[in-house]
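Visitor: I am new to this structure, and I would enjoy a close look at one part of it. Please pick a place and walk me through it slowly.

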Amino acid sequence: MLRIEDLSAWYGEARVLNDVSLEIAEGEIVTLVGRNGAGKTTLLRCVMGLHATGGARATGTIEFLGTALTRLPAHRRTRCGLGYVPDDRGIYATLTVEENLTLPPAVGPRPWPLGQIYETFPRLRERRRSPGTKLSGGEQQMLALARVLRMGARLLLCDEPTEGLSPLIVQQIGAILRDVKDQGVTVLLVEQNIHFAATVADRHHLLAEGRIVRSLGNDEVRAREHELLEHLGI
Amino acid sequence: MLQQAFNGLVGGAFYALLALGLSVIFGMLRVVNFAHGSFYMLGAFGAYVLLDSLGLNFWVALVTVPLLLGAAGMLVERVFVRRLTRLDPLYGFLFTFGLALILQDAVKHRYGVQSQPYPRPSALSGSLDLGLFDYPAYQVFVLAVSLLTCAATWLILTRTRVGTIVRAATERPELTRALGIDVGRWVAPVFGFGVALAGLAGVLAAPMRAVNPLMGADLIITVFAVVVIGGLGSIFGSVTAGFAIGLITALGDLYVPALSQTLVFVVMAAVLLWRPAGLFGREEAAL
């Protein structure tokens, strides 16, 4: 579904990604783990077409559902079926919760109707007239996830959706991700919490200094948890 | 005094329309449009030319001149401003400042610096009894049009799909693209809309103010102060500050005439000391 080949990226002179290649099949959940600065966020931004302004540039091939994304502007890439949950959650302060939800267009074959969103996330219905950033951190994360589901995105790119959230909310996010996987949605997940990663994902790539240094299955992640945590410096 | 306060509100009506256009443009494009005063001046001259050469009256001008200027604004955005937004903001300043000088001198070259006469529309030539005093009907009309336009803009921004997109693109342009919205498509219409508002203010000014090439340059300095007081990019702030500054300068003229030219800048300095982002501005986050 998503094929990345020899992706390299720079900020000015600094090279942040080094010939990264990876492939994700439809319906898979794949994580990128690695320390801060390993290049995880940059990789997602490259796929979204956001690594292109200022001193940022990238080379390599990115293909989604057979379409070469590299030459498309960001909004056209999204319309191919991508749903982006950025690391800061990307909630607008000047838009209400409902406007945050309904702003993006439908980009996939099965966008969730608003009613279904509110059934799944009742708290968002209660707060639908509030400005987006008046929600708690966990609610904002739910809103960011709900938004890409409403778009009907076929591939979700989630940048550390569990960061800084309580264990209960992390569990809820895990349940949602497993749910959407059952509906055939594919997820590329950036995650520091490898324990959480092992409960939702199928495969994991360990990123260090802009390279994929190892690819692991869930069993391996569980067996080597201590070693990995040490590597991540947690 | 009440009458002077009313004069202030009418003056504020012009500030508000101009500040509103500047604000909408700055919010979406991050361009400070120094040519805004020239578009206001062109609005007044547009009305004058329509009447003088084509015999078309004020009411025709009130509709067509803003539309024509709005279209011209969209063209300016497409051809010039768009190429500059990727560069240092300084280039945007230089371009719009240069454009202001070119437009001003072109009109000066054609019509000279003396003021052109423009009659009040006959339907609004009398005065209205406002209860406490009589007031020229035309001035009341200006105030009403300005208030209605500001209210309509507010409704468009807060109640329509286009308004939601403009607000989203103003707050987080990059994120908005990543959510599948072609932000670039809305930039030219927003710029054109801001320019049309300046044109509307110009047409409204023609029957009550001197129509001359420098009328915009004289006004726009105050309008920049108004926008800064209201908070750069804040729609609500610029409109409120526009009427407030109109009121303050008019009352200043009455009580402290020596200060009348500088009062607005004194207010600006005081507001900035108290709230550096302006009355309704938010501290600028990273773009």
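Guide: What follows is a walk through the inside of chain B, ending where chain B meets chain A.

This is a predicted model, in which local features need pLDDT of at least 70 and side-chain atom pairs count only at pLDDT 80 or more, while totals for chains, interfaces and linings use all residues. Residues are numbered from 1 along each chain as its sequence is written, and chains are lettered from A and ligands numbered from 1 in the order in which they are written.

Let us begin with two helices of chain B: H3, residues 58-84, and H4, residues 89-111. (Helices are DSSP runs of H or I of at least four residues, strands are runs of E of at least two, and both are numbered from the N terminus.) The axes of H3(B) and H4(B) lie 8 Å apart, and the helices pack at an angle of about 150°. Here an axis is a line fitted to C-alpha atoms over the stretch in contact, and angles run from 0 to 180 degrees between N-to-C directions. H3(B) and H4(B) are therefore roughly antiparallel to each other, a label given to angles over 145 degrees.

Where they come together, H3(B) brings B:Phe80, B:Val81 and B:Leu84, and H4(B) answers with B:Tyr91, B:Gly92 and B:Phe95. (Contact asks for C-beta atoms, placed from the backbone, within 7 Å.) The residues of this contact are five nonpolar, one polar and no charged. In this scheme Ala, Val, Leu, Ile, Met, Phe, Trp, Tyr, Cys and Pro are nonpolar, Asp, Glu, Lys and Arg are charged, and the others, Gly among them, are polar.

Next comes the largest nonpolar core, with 158 residues. Such a core is a set of buried Ala, Val, Leu, Ile, Met, Phe, Trp, Tyr and Cys residues joined through C-beta atoms within 7 Å, and buried means 20 or more other C-beta atoms within 10 Å of a residue's own. Among the residues with the most contacts inside this core are A:Leu157, B:Leu18 and B:Ala47. Helix H1 of chain B, residues 2-29, gives the largest share, 15 residues. Pause at B:Ala47: leaving out residues up to four places away in sequence, B:Ala47 touches B:Phe58, B:Ala61, B:Val65, B:Tyr118, B:Val203 and B:Ala206.

Now look for B:Gly281, in the segment after helix H11 (263-274) of chain B. B:Gly281 is buried, with 20 other C-beta atoms within 10 Å. Beyond its neighbours within four places in sequence, B:Gly281 is in contact with B:Gly231, B:Leu232, B:Gly233, B:Ser234 and B:Gly237. B:Gly281 and B:Leu22 are 259 residues apart in sequence, and their C-alpha atoms are 14 Å apart in space.

Our last stop is the meeting with chain A, where 13 residues of chain B are in contact with 18 residues of chain A. On the side of chain B, the elements that give two or more residues are helix H6 (161-171) and helix H7 (173-178). The residues on this side of chain B divide into five nonpolar, two polar and six charged. Compare that with the contact of H3(B) with H4(B), which has no charged residues.

Methods. Angles under 35 degrees count as roughly parallel, over 145 as roughly antiparallel, 65 to 115 as roughly perpendicular and the rest as oblique. Two residues are in contact if their C-beta atoms, placed from the backbone, lie within 7 Å. A residue is buried if 20 or more other C-beta atoms lie within 10 Å of its own, exposed if 12 or fewer, and partly exposed in between; C-beta atoms are placed from the backbone.
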